[in-house]
Amino acid sequence: VPVKKGKWLENLKQAQVLYSSERVQKIRGLVLFLIASYLSIAFISYFFSWSIDQDKVLGPTSELFRPETKVNNWLGKFGALVSHLFLYKWFGVASFVLVPVLVLRGIEKLVQRRVHTISNFYAKCLFVITWTSLVLSFFFSERLFFMGGGFGYFINAQISNLIGNSGLIALL
């Protein structure tokens, strides 16, 4: 049955009204707050359990989620996987910057007020995440790879390949 154009637009407008309602915005704020809490617990737990859980999260996901596979991350298998993704594969310890960002965004949604200028704040956070990942990876890539993460390690390797280690140090 073909959908009339006017009906589709009407449904879209109703969805926008529902999405922008105060109740939905407060739920979004609470969800962002809960995600920030989840990430912070998973990240902190990673520091204590990474060496024990690493072989499990580096293997196939189907093996990780088998009932007989045990992990030591405080938030279980999904916590181990999420923290491994953020800390080992992506931005390392710099991923902790995401926690206050999500908390602030959640507070904004809960109180229905802007706390900061969005574009300026997110640009600064992106810079801090990138720069911190690169610097920590430069100093800790041999022993504690997760400090700078995969992003920092591979970007450092590329920059070092182009301009050498002394050029990388000057750039950082």
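Let's start at V115, which sits in the loop between α5 and α6, the helix covering 118-140. What you have in front of you is a predicted model, by the way, so please hear everything I say in that light. Is V115 buried or exposed? Neither, quite: its relative accessible area is 45%, so V115 counts as partly exposed. Setting aside residues up to four places away in sequence, V115 touches L104 and E108. And if you would like a sense of distance, take A170: V115 and A170 are 55 residues apart in sequence, and their C-alpha atoms are 36 Å apart in space.

Now step back along the chain to α5 itself, residues 98-111. How does its span compare with what its 14 residues should give? At 1.5 Å a residue we should see 20 Å, and the end C-alpha atoms are 20 Å apart, so the two agree. Which residues of α5 are buried? The list is V99, V101, L102, R105, G106, E108 and K109. So E108, one of the two contacts of V115 I just mentioned, is on that buried list. The buried residues of α5 pack against α2 and α6. Just after the helix, Q112 takes a positive phi of about 60°.

That brings us to α2, residues 22-58, and here the span tells another story. A straight helix of 37 residues would span 54 Å at 1.5 Å a residue, but the end C-alpha atoms of α2 span only 42 Å. Where should you look in α2? Go to S49, please: a kink of about 85° is centred there.

While you are on that helix, find S45, which also belongs to α2. Buried or exposed? S45 has a relative accessibility of 0%, so it counts as buried. Which residues does S45 contact, once its neighbours within four places in sequence are left aside? Those are N72, N73 and W74.

F43 is another residue to click on. Not counting residues up to four places away in sequence, F43 touches S83, F86, L87, S95, F96 and V99. Two of those names, F86 and V99, come back when we turn to the largest nonpolar core. That core has 13 residues, and the ones touching the most other members are L39, F43, F86, V99 and L102. Three helices, α2, α4 (76-90) and α5, each supply at least two residues of the core. The largest share, five residues, comes from α2. As a general reminder, nonpolar side chains in soluble globular proteins tend to be buried together.

Let me finish with the whole chain. How many helices and strands are there? We have seven helices and zero strands, so read along the sequence the pattern is simply α-α-α-α-α-α-α. The radius of gyration is 21 Å, well over the 16 Å that the globule rule gives for 172 residues, so the chain is more spread out than a compact globule. Along its principal axes, the C-alpha trace spans about 60 × 45 × 40 Å.

A few totals to close. Of the 172 residues, 33% count as buried. Take the contacts between residues at least 6 apart in sequence: 60% of them join residues at least 24 apart. The accessible surface comes to about 11100 Å², and 67% of that belongs to carbon and sulfur atoms. Thanks, everyone!

Conventions: Residues numbered from 1 in each chain as written. Predicted model: local features only at pLDDT ≥ 70, side-chain atom pairs only at ≥ 80, totals over all residues. Heavy atoms only, no water. Helix = DSSP H or I, 4+ residues; strand = E, 2+ residues; numbered from the N terminus. Expected span 1.5 Å × (residues − 1). Bend = angle between axes of the 7 residues up to and from the residue. Core = buried A, V, L, I, M, F, W, Y, C linked by side-chain atoms within 4.5 Å. Buried < 20%, exposed > 50% of the residue type's maximum accessible area, 1.4 Å probe, protein only. Contact = heavy atoms within 4.5 Å. Rg over C-alpha atoms; globule rule 2.2 N^0.38 Å. Areas by Shrake-Rupley, 256 points an atom, 1.4 Å probe, with all protein chains shown as cover.
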